Amino acid sequence: MKIRRMASLKTADEFQKYLRENNIILPFAENTAALNTPYQLDGKTIGNRFAILPMEGWDCTSDGRPTDLVRRRWSNFGRSGAKLIWGGEAAAVRPDGRANPHQLLINADTIKDIADLRQLLVSTHAEHYGRTDDLLVGLQLTHSGRFACPHDIKKREPVILYHHPLLDKKFGIPVDYPVMTDDEISRLVQDYIRAAELAYRAGFDFVDIKHCHGYLGHEFLSAVERPGKYGGSFENRTRFLSETVQGIKAKTPEIGIGVRLSAFDFLPFQTGADGKGEPVKSDGYYPYAFGGDGTGTGIDLTEPILFLKKLLSLGIKLVCITAGSPYYNPHIQRPALFPPVDAYQPPEDPLVGTARLISATAALKKAVPELTFVGSGYSYLQEWLSRVAAGAIGHGDADFIGYGRMVLSYPEFAADVLNGKNLKKNKICRTFSDCTTAPRLGLVSGCFPLDEYYCGLPDYECLTCSKQQAKKG
Ligand SMILES: Cc1cc2nc3c(=O)[nH]c(=O)nc-3n(C[C@H](O)[C@H](O)[C@H](O)COP(=O)(O)O)c2cc1C
Ligand code: SF4
């Protein structure tokens with residue numbers, strides 16, 4: 001497999017020829033007009049079809065308040081030109097749920113700072129685009145579960161729902177490690193309800209009850225072997241969602257609710273002899289991948305479709321589709337040519353991963369058209385992001401095109417596309433993965449290669465040295 005760099009596919013014909021030669025199917029539009037159309041959601045007009053995906057920066061204070069780096073990032077989200085801000089970044093609903101000791105934390109002490117953060121995003125948007133009545137801003141609520149790391153970046157303090165034979169082994173969880181009890185889960189539901197009320201008071205239009213990327217909400221969906229009312233049957237595995245949503249609706253009916261879902265999952269991957277990713281060996285049947293077909297590397301959308309119908313029955317309209325987890329199979333979620341320092345080389349052309357996400361989202365949209373779908377994983381498309389995105393909108397494969405990494409390297413990307421400007425080549429995200437590598441090394445996240453501000457930070461030197469050391473082995 002010879003992967004062509006995206007920057008080498010200079011014309012639309014070359015790009016499409018490469019797709020054909022490699023049997024990769026992606027939508028593609030003649031122009032980007034479809035992105036510039038408004039969308040109606042429950043009587044509100046959202047100004048265009050770009051969405052900014054949530055991205056944390058490992059850069060809050062130790063008590064969970066935003067710092068200048070966080071404010072700069074959120075201000076860039078406002079400046080982007082996208083009219084849907086999906087979540088900003090993951091905000092832990094309580095201290096033991098933080099994925100790192102510098103994650104945003106939502107509680108009575110931090111809420112004023114979080115309200116100011118949202119306001120900064122909104123006023124930056126107003127300064128650049130003159131209006132905000134067509135802007136929708138949500139906050140992502142999370143508990144990091146198995147990947148919680150609330151005190152020391154080098155020490156995980158997992159909160160697990162069941163013993164996963166492969167992930168326990170991969171991340172060193174002993175067999176007698178305690179599993180969260182049903183009572184503890186009921187208390188966690190209350191924390192989400194409290195957090196949603198705070199988010200409403202801070203001015204957010206909606207909260208995302210995160211169900212993706214291997215964190216706690218996502219782990220419920222694969223708890224097929226957990227006994228009791230939160231495991232086993234589909235009904236039980238979605239009880240946490242139902243109780244949380246019903247509780248929020250009872251206490252704060254004014255706030256909107258969305259769900260970011262890993263709609264399919266694979267086995268954990270590891271580095272193979274040739275440096276490329278390969279699935280870890282399993283004993284055949286693999287039931288722990290929500291949206292998987294049992295093989296560990298195939299998709300079956302039957303349960304994800306049931307899940308989406310459940311959202312509808314709970315009165316939820318907004319869903320954002322992603323996949324897998326950055327901790328154990330990053331290539332299916334964040335396709336990249338250059339992996340983070342602790343990951344494997346791409347096991348497939350990253351365009352295959354991009355196409356997999358786009359086509360799964362399209363299949364789900366087709367199955368449950370009443371929902372509003374935000375797609376993910378478009379940054380790898382680089383120069384061709386907007387034409388593929390417009391193709392997806394034009395075909396009805398998604399309602400919004402979400403992107404993450406591209407906004408870190410190129411904050412005004414959406415505005416440039418929508419205004420028909422030539423793209424600034426030197427700002428296009430080339431998927432160098434330093435925004436993932438840096439936090440893996442205990443540093444703040446950001447686009448170190450392309451954002452000058454980050455080149456000037458002391459973390460830049462640490463990142464360069466640590467990467468060199470990691471290469472030497
Ligand atoms: C630095 C970084 C931080 C991220 N943080 C979050 C997060 O807080 N919540 C979340 O749901 N996804 C998070 N993601 C995943 C992104 O939202 C997105 O799904 C992913 O980057 C793929 O989209 P892209 O190809 O446009 O980058 C993060 C990704 C990156 C690179
Ligand atoms: S560090 Fe910058 S160029 Fe690299 S993946 Fe992240 S946003 Fe893209």
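## Cavities and ligands

About 460 Å³ of space lies in the largest cavity. The model that holds this cavity is predicted. A search of the whole structure finds six cavities of 30 Å³ or more. We start with the largest.

Its lining has 29 residues. P54, M55, H213, Q333 and R334 lie nearest the centre of the largest cavity. Two elements, α12 and α14, each give two or more residues to that lining. The biggest share comes from α14, with three residues. By class, the lining of the largest cavity divides into twelve nonpolar, ten polar and seven charged residues.

What takes up this space? The largest cavity is the space taken by ligand 1. Around ligand 1 stand 21 residues. Those that come nearest are Q140, R260, S379, G404 and R405. The shell around ligand 1 is made up of nine nonpolar, seven polar and five charged residues.

Now look at the nitrogen atoms of ligand 1. Q140 places a polar side-chain atom 2.7 Å from a nitrogen atom of this ligand. From the side chain of K210, an N or O atom lies 3.3 Å from a nitrogen atom of ligand 1. E56 takes part through its backbone: a polar backbone atom of E56 is 3.2 Å from a nitrogen atom of ligand 1. How much of ligand 1 does the protein bury? Taken alone, ligand 1 exposes 610 Å², and the protein buries 99% of that.

Turn next to ligand 2. Which residues are around it? The residues around ligand 2 are R405, L408, C429, R430, T431, F432, S433, D434, C435, C447, P449 and L450. Two elements give two or more residues to this shell: α12, which spans 405–409, and α14, which spans 434–440. Both elements were met before, in the lining of the largest cavity. R405 also recurs: it is among the residues that come nearest to ligand 1, and it is one of the residues around ligand 2. By class, the shell around ligand 2 holds seven nonpolar, two polar and three charged residues.

One more cavity deserves a look. The second largest cavity holds about 160 Å³ of space. Its lining has 17 residues. Nearest the centre of the second largest cavity lie P330, H331, R334, P335 and A336. R334 is a residue to follow here: it is listed nearest the centre of the second largest cavity, and it is also listed nearest the centre of the largest cavity. What classes make up the lining of the second largest cavity? There are ten nonpolar, four polar and three charged residues in it.

Conventions: Residues numbered from 1 in each chain as written. Chains lettered and ligands numbered in written order. Predicted model: local features only at pLDDT ≥ 70, side-chain atom pairs only at ≥ 80, totals over all residues. Heavy atoms only, no water. Near = heavy atom within 4 Å. Helix = DSSP H or I, 4+ residues; strand = E, 2+ residues; numbered from the N terminus. Nonpolar A, V, L, I, M, F, W, Y, C, P; charged D, E, K, R; others polar. Polar contact = N/O pair within 3.5 Å; in protein donor to acceptor, adjacent residues only side chain to side chain. Areas by Shrake-Rupley, 256 points an atom, 1.4 Å probe, with all protein chains shown as cover. 1 Å grid on protein atoms, 1.4 Å probe; cavity = no way out; pocket = protein on both sides within 12 Å on 5 of 7 lines; lining within 4 Å. Sits in = over half its atoms within 2 Å of the grid points. Points joined across faces, edges and corners; volume = space filled by probe spheres on them.
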